[in-house]
Amino acid sequence: MPKIPDPWDHHDWDSRSYVSQWAERQDGREAERAEVFRLMAKLLPYDREAPIKILDAGAGYGALAQFLLDYFPNATALCQDGSEEMAELGRKRMKHLEGRVEYVLCDFSKRGWSRKIKGPFEAVVSAIAIHNVRSPDTIRAIYGETFSLVKAGGCFLNFDRMTPSLKEQLKWLREAGYENVKSFWDGGKRALVGGFKKEA
């Protein structure tokens with residue numbers, strides 16, 4: 001797979017040592033993110049026992065996917081990421097969830113990435129990932145492609161840095177086709193935004 005671009009040269013997702021060090025730093029932030037992860041779980045419009053399929057976009061080592069699989073004991077998750085090193089780390093960390101989680105490698109900064117994923121899913125989620133593409137046009141395109149992967153009646157939730165603005169991101173979600181679009185949590189620099197796909 002080609003090297004993952006980082007427009008601001010902040011990250012080296014192809015480096016095993018960098019990914020390992022980055023993940024260790026994130027581990028210290030999991031407690032503060034647990035509140036938002038719990039809210040995301042409660043926003044999914046399904047019973048906790050439902051055998052739902054979840055796509056975690058830009059999953060990294062799978063912190064959000066793991067949280068949701070613990071919350072929904074009969075759910076399965078597909079983790080999408082562009083980094084082989086990150087996927088390898090995620091597989092190790094979620095070894096106890098074998099059979100319920102798998103990875104697909106593709107770069108969501110490239111248009112057409114959704115065609116490499118077999119959907120639809122009851123929920124598509126993402127946490128602290130999409131902002132890394134930096135480009136507003138690319139973020140908008142990612143929102144558009146997630147819509148094709150959400151099952152009717154399902155939802156898309158994105159917990160991320162609101163760069164560009166929260167207002168712009170909500171607008172792009174509506175343009176993608178989502179309904180009942182809103183900010184469900186606002187922490188200033190970061191927010192939880194999302195919307196629902198109309199029942200067929």
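**Exercise 1. The packing of α5 and α6**

Task: In this predicted model, determine at what angle helices α5 and α6 pack and how far apart their axes are.

Solution.
1. Locate the two helices: α5 comprises residues 136-149, and α6 comprises residues 166-176.
2. Their packing angle is about 40°, and the axes are 8 Å apart.
3. An angle under 35 degrees would count as roughly parallel, whereas one from 65 to 115 would count as roughly perpendicular. The two helices are therefore oblique to each other.
4. As to handedness, the crossing of α5 over α6 is right-handed.
5. On the α5 side, the contact is formed by P136, I139, R140, Y143, G144 and F147. On the α6 side, Q169, W172, L173, E175 and A176 take part.
6. Sorted by class, this contact comprises 7 nonpolar, 2 polar and 2 charged residues.

**Exercise 2. The order of the sheet**

Task: State in which order the 7 strands are arranged in the sheet, and identify which strands stand at its edges.

Solution.
1. The sheet is open, and its strands follow the order β3-β2-β1-β4-β5-β7-β6.
2. The pairing within this sheet is mixed.
3. β3 (101-105) and β6 (179-186) each have a single partner strand, so one side of each lacks a neighbour in the sheet. These two strands are the edges.
4. Direction ignored, neighbouring strands are turned by 20° against each other on average.

**Exercise 3. Pairings from β2 to β5**

Task: For the pairs β1-β2, β1-β4 and β4-β5, give how many bridges join the strands and in which sense they run.

Solution.
1. β1 (residues 53-57) pairs with β2 (residues 76-81) over 5 bridges, in the parallel sense. Within β2, Q80 is the residue opposite A57.
2. β1 and β4 are also parallel, with 3 bridges between them. Here L55 faces V124 of β4.
3. β4 and β5 run parallel and share 6 bridges. V124 has F156 as its bridge partner in β5.
4. V124 thus links the two pairings: this residue of β4 stands opposite L55 and is bridged to F156 of β5.

**Exercise 4. Helices on the sheet**

Task: Establish which strands are touched by α5, and across which strands α4 lies.

Solution.
1. α4 (residues 84-93) lies across β2 and β3. Its direction is at about 175° to that of β3.
2. α5 packs on the sheet and touches β1, β4 (121-127), β5 (150-161) and β7 (190-196). The directions of α5 and β5 make an angle of about 150°.
3. Consider next the burial of β4, one of the strands touched by α5. Since 7 of the 7 residues of β4 are buried, the strand is largely enclosed by the rest of the structure.

**Exercise 5. The surroundings of A127**

Task: Decide whether A127 is buried or exposed, and find which residues beyond its sequence neighbours are in contact with A127.

Solution.
1. A127 belongs to strand β4.
2. Its relative accessibility is 16%. Buried means under 20%, so A127 counts as buried.
3. With neighbours within four places in sequence set aside, A127 contacts F37, L64 and F159.
4. A127 and V36 are 91 residues apart along the chain, yet their C-alpha atoms are separated by 9.6 Å.

**Exercise 6. Backbone exceptions**

Task: Identify where the cis peptide bonds at P120 and P164 lie, and what phi values I128 and N180 have.

Solution.
1. The reference expectation is that most residues other than glycine have a negative phi and most peptide bonds are trans.
2. G119 and P120 are joined by a cis peptide bond with omega of about 0°. P120 is located in the loop between β3 and β4.
3. The bond from T163 to P164 is cis as well, with omega near 5°. P164 is located in the loop between β5 and α6.
4. I128, a residue other than glycine, has a positive phi near 50°. I128 sits in the loop between β4 and α5 and, with a relative accessible area of 12%, is buried.
5. N180 is not a glycine either, and its phi is positive at about 50°. N180 lies in strand β6 and counts as exposed at 56% relative accessibility.

Technical notes
Residues numbered from 1 in each chain as written. Predicted model: local features only at pLDDT ≥ 70, side-chain atom pairs only at ≥ 80, totals over all residues. Heavy atoms only, no water. Axes fitted to C-alpha atoms, helices over the stretch in contact; angles between N-to-C directions. Helix = DSSP H or I, 4+ residues; strand = E, 2+ residues; numbered from the N terminus. Parallel < 35°, antiparallel > 145°, perpendicular 65-115°, else oblique. Left-handed = near helix turned anticlockwise from the far one by under 90°. Contact = heavy atoms within 4.5 Å. Nonpolar A, V, L, I, M, F, W, Y, C, P; charged D, E, K, R; others polar. Pairing = 2+ DSSP bridges. Buried < 20%, exposed > 50% of the residue type's maximum accessible area, 1.4 Å probe, protein only.
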